[in-house]
Amino acid sequence: MRRSMVYVAAFLILAGLTLLVRSLFRLHFGVFSALFAEAIILLGIYLITGGGARGFHIPASSSTGSEENIFFTTRNILGSAQTARYSVFFSSARIELPEDAPDIVEIASVFSSVHVVLPKGRAVRVKLSAAFASGSMPGTGVSGFGDREAFIGEGPAFYLEAGAVFGSVSIE
């Protein structure tokens, strides 16, 4: 089934559920405004998942040398010296950062669970941010909203900025 047909089918299912909820629970709301809201939500999901940039094909992951993107899957990632940004959407990932990691590494978790394994031979200055999410690292963590910073390990340091939105990030 083509990707566009998936969105049409999802819209029809949501439209049917809207009508069903309206009639079963005797709720009084405009059907057309609810259908318009559903169309906007589906358009947003389409754009977030890369539909606007790559046509109808959404790969489970993509890599552009300095960036690793993961969509709708579970992955174990062995980091490289070139990859400075990891983005995880609607997925689960375990990311092992290498000892020769770039000086600045960014990790984003959106509706996902990310487990980050730090290299043993390097120190890390970590900034962990959460919005409707949770984050944990040795010695501290954040739940709900907030930011935490910590310095972990010994040796030459690099900077790790990790953020979670409606998900979780754990750093060890």
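This report covers the aromatic pairs of a predicted model, two backbone angles and the surroundings of one serine.

## Aromatic pairs

A search of the whole structure yields six aromatic pairs. In one of them, the ring centres of Phe 111 and Phe 166 are 5.0 Å apart and the planes meet at 5°, so this pair is stacked. The cut-off for stacking is planes under 30 degrees apart. Phe 111 sits in the loop between β6 (104-110) and β7 (113-117), and Phe 166 in the loop between β10 (157-165) and β11 (168-171), so the stacked rings tie together parts that are 55 residues apart in sequence. Phe 111 has a relative accessibility of 42% and counts as partly exposed. Phe 166 is also partly exposed, with a relative accessible area of 42%.

The rings of Phe 132 and Phe 145 have their centres 4.6 Å apart, and their planes stand at 65°, so this pair is edge-to-face. Here the cut-off is an angle over 60 degrees. Phe 132 belongs to strand β8 (residues 123-137) and Phe 145 to strand β9 (residues 140-152); the two are 13 residues apart, and their pairing links distant parts of the chain. Phe 132 and Phe 145 are both exposed.

## The phenylalanine cluster

Ring pairs join six residues into a cluster: Phe 72, Phe 90, Phe 111, Phe 132, Phe 145 and Phe 166. The cluster thus includes the stacked pair of Phe 111 and Phe 166 and the edge-to-face pair of Phe 132 and Phe 145.

Another member of the cluster, Phe 90, is placed in the loop between β4 (85-89) and β5 (92-96). Its relative accessibility is 32%, so Phe 90 counts as partly exposed; the limits for that class are 20% and 50%.

## Positive phi angles

Most residues other than glycine have a negative phi. Phe 90 has a positive phi of about 50° although it is not a glycine. Phe 111 likewise has a positive phi, near 50°. Phe 90 lies in the loop between β4 and β5, and Phe 111 in the loop between β6 and β7.

## Surroundings of Ser 129

Ser 129 is located in strand β8, the strand that also holds Phe 132. The side chains of Ser 129 and Asp 147 are joined by a polar contact of 2.7 Å.

Leaving aside residues up to four places away in sequence, Ser 129 touches Gly 146, Asp 147, Ala 162, Gly 163 and Ala 164.

Note on methods:
Residues numbered from 1 in each chain as written. Predicted model: local features only at pLDDT ≥ 70, side-chain atom pairs only at ≥ 80, totals over all residues. Heavy atoms only, no water. Phe/Tyr/Trp six-rings, centres within 6.5 Å; stacked < 30°, edge-to-face > 60°. Helix = DSSP H or I, 4+ residues; strand = E, 2+ residues; numbered from the N terminus. Buried < 20%, exposed > 50% of the residue type's maximum accessible area, 1.4 Å probe, protein only. Polar contact = N/O pair within 3.5 Å; in protein donor to acceptor, adjacent residues only side chain to side chain. Contact = heavy atoms within 4.5 Å.
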